[in-house]
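Work through these exercises with the model open beside you. Try each task before you read its solution.

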Amino acid sequence: MLMQVESGSEAAAATAAAVLTAPLSLEGGLAAELRPANLVQRVLSLFRNVRPGSDLSHFQLPATFNLPKSQLQLYGEGVYCVGKDYLRRCAKGSDAVERFAAVVGWSISTTRPPIFGFAPYNPVLGETHHVSSGSLHVLLEQVSHRPPVSALHATDDDGEIELVWCQNPIPKFHGTSVEATVKGMRHVKLLKFSENYEIDCPNLLIRLLPAPSAEWSGTVRIVCKESELEAELIYYRSNAFLGLGGDPRCVKGKIFSSRSGEIICEIDGHWDRIVSAKDAKTGKVSVLYDAESAIADLKTPVVRNQEGVSPSESVVVWGEVSDAILKKDWERSSQAKRRVEDTARRLDRERNDKGEVWIPKHFSLSQDKNGSWECSPLEKSVPPAPIIVPS
């Protein structure tokens with residue numbers, strides 16, 4: 001028997017208040033306010049009994065280590081919380097190379113400063129997040145809990161852009177560090193040009209020793225089969241020792257022809273500052289991405305229509321937990337978090353007892369021959385959301 005349900009505590013969530021918090025930006029902001037004096041020692045104590053190689057996908061964090069927002073919100077903020085509109089620029093390029101370079105710049109804009117010692121809530125099964133920013137409407141859903149898989153669909157009113165993401169983070173403990181490999185693909189579709197760009201994600205590296213840090217690392221590939229163009233971006237790990245030296249947040253790469261391998265432009269810079277592109281033929285250097293214009297002074301979303309907010313909405317499901325964290329009421333935050341997680345486990349047990357299979361509400365979910373998860377939206381477009389980013 002198949003059954004489709006919404007996540008969390010339906011009765012409680014329906015009456016809970018939505019709590020929205022500031023997006024992660026260059027300034028740091030919210031996490032700095034919550035950071036305790038002995039954070040490093042407390043983080044190390046969490047892993048005292050964890051074996052190297054352990055999968056931390058369902059590692060239970062105390063509420064004192066949580067950002068007051070869900071992982072779904074963090075994924076969404078990378079799309080709808082932005083200063084300069086790098087996404088819309090992708091659809092305005094006059095030729096394939098210009099559009100491809102714009103997509104590369106936009107992909108960098110989704111990279112937000114990670115924060116050592118804090119993690120978002122693990123979304124519960126069926127949790128959703130629905131936000132509009134101008135004419136762009138973004139909808140996310142937690143389509144699987146074991147393993148954790150999040151899906152995103154975004155469309156604009158002009159019918160020029162469609163985003164489809166399917167992301168499966170796999171964090172593992174390596175003794176002196178935690179590295180989260182993000183499986184899955186992000187698709188950017190420029191509908192007017194019938195172009196589909198496939199983009200993967202950098203890994204998140206959290207160093208515990210010798211010096212605590214959090215940074216993005218690894219190789220990101222961007223491919224557009226229609227224009228026969230590719231890009232390779234390498235997010236470099238800092239080689240700092242005890243916090244000294246190194247070149248953190250450095251990104252280098254190239255855009256090249258898929259057919260001939262000819263390099264079209266070289267990419268160099270820092271994803272939290274300026275990233276430049278150098279034309280391989282002319283030597284001309286231009287700014288591909290400016291973090292100050294993209295991810296500084298970001299605005300916090302607000303509820304425009306309270307009645308339209310779904311009981312499965314992230315900011316409702318976790319509303320009481322977030323409110324308690326913001327007020328540093330750690331006992332109440334722990335109790336509220338336990339209620340959310342206990343309710344999700346109870347609903348899972350009830351489905352299992354009845355032989356019912358949970359089905360996502362907004363996406364179809366499948367695995368390819370290599371075992372990678374794929375998500376397809378059930379609707380052609382995303383409707384305007386009851387939560388908006390102020391203009």
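The exercises below concern a predicted model of one protein chain.

**Exercise 1. Overall build**

Task: How many helices and strands does the protein chain have, and how does its radius of gyration compare with the globule rule?

Solution.
- Step 1. Count the elements. The chain has 10 helices and 22 strands.
- Step 2. Check the radius of gyration. The value is 21 Å, and the globule rule gives 21 Å for 391 residues, so the chain is as compact as a globular protein of that length.
- Step 3. Look at the extent. The C-alpha trace spans about 65 × 50 × 45 Å along its principal axes.

**Exercise 2. Inside and outside**

Task: What percentage of the residues is buried, and what supplies the exposed area?

Solution.
- Step 1. Take the cut-off. A residue is buried when its relative accessible area is under 20%.
- Step 2. Apply it. Of the 391 residues, 49% are buried.
- Step 3. Turn to the surface. The chain exposes about 18000 Å², and carbon and sulfur atoms supply 51% of that area.
- Step 4. Consider the contacts. Take those between residues at least 6 apart in sequence: 61% of them join residues at least 24 apart.

**Exercise 3. Charges and their pairs**

Task: How many positive and negative side chains are there, and how many salt bridges does a search of the whole structure find?

Solution.
- Step 1. Count the charges. There are 45 positive and 49 negative side chains. The centres of the two sets lie 4 Å apart.
- Step 2. Recall the principle. Side chains of opposite charge can pair when their charged atoms come close.
- Step 3. Count the pairs. The search finds 20 salt bridges.

**Exercise 4. Buried or exposed partners?**

Task: Take the salt bridges of Glu-215 and Arg-221. What are their partners?

Solution.
- Step 1. Start with Glu-215. Its side chain meets that of Arg-207, at 2.5 Å from N to O. Glu-215 has 7% relative accessibility, so Glu-215 counts as buried.
- Step 2. Move to Arg-221. Its side chain meets that of Glu-230, at 2.7 Å from N to O.
- Step 3. Compare the two ends. Arg-221 is partly exposed at 39% relative accessibility, whereas Glu-230 is buried at 14%.

**Exercise 5. A pair on a helix**

Task: Why are Glu-350 and Arg-346 about one helical turn apart?

Solution.
- Step 1. Find the pair. Glu-350 and Arg-346 form a salt bridge, with the closest N and O atoms 3.0 Å apart.
- Step 2. Count along the helix. The two residues are 4 residues apart in helix α10 (residues 330-354), so about one helical turn separates them.
- Step 3. Use the geometry. An α-helix has 3.6 residues a turn, so residues three or four places apart point the same way.
- Step 4. Check the exposure. Both ends are partly exposed: Glu-350 has 32% relative accessibility, and Arg-346 has 33%.
- Step 5. Now look at a network. Asp-85, Arg-88, Asp-156 and Asp-158 are joined by salt bridges that share partners.

**Exercise 6. Unusual backbone**

Task: Where is the cis peptide bond that involves Pro-147, and which loops hold Glu-228 and Asp-297?

Solution.
- Step 1. Recall the usual case. Most residues other than glycine have a negative phi, and most peptide bonds are trans.
- Step 2. Find the cis bond. It joins Arg-146 and Pro-147, with omega about 0°. Pro-147 sits in the loop between β5 (136-144) and β6 (149-156).
- Step 3. Look at Glu-228. Its phi is positive, near 55°. Glu-228 lies between β12 (213-224) and β13 (229-235), in a loop, and is partly exposed at 33%.
- Step 4. Look at Asp-297. Its phi is also near 55°. Its loop runs between α7 (291-295) and β18 (302-303). Asp-297 is exposed, at 63% relative accessible area.
- Step 5. Add Lys-328. Just after α9, Lys-328 has a positive phi of about 55°.

**Exercise 7. A buried loop residue**

Task: Is Ser-25 buried or exposed, and which residues does it contact beyond its sequence neighbours?

Solution.
- Step 1. Place Ser-25. It lies in the loop between α1 (10-15) and α2 (30-34).
- Step 2. Read the accessibility. Ser-25 has a relative accessible area of 8%, so Ser-25 is buried.
- Step 3. List the contacts. Setting aside neighbours within four places in sequence, Ser-25 touches Pro-113, Ile-295 and Leu-298.

Key: Residues numbered from 1 in each chain as written. Predicted model: local features only at pLDDT ≥ 70, side-chain atom pairs only at ≥ 80, totals over all residues. Heavy atoms only, no water. Rg over C-alpha atoms; globule rule 2.2 N^0.38 Å. Buried < 20%, exposed > 50% of the residue type's maximum accessible area, 1.4 Å probe, protein only. Contact = heavy atoms within 4.5 Å. Areas by Shrake-Rupley, 256 points an atom, 1.4 Å probe, with all protein chains shown as cover. Lys, Arg positive; Asp, Glu negative; His and termini not counted. Charge placed at Lys NZ, Arg CZ, Asp CG, Glu CD. Salt bridge = Lys/Arg side-chain N within 4 Å of Asp/Glu carboxyl O.
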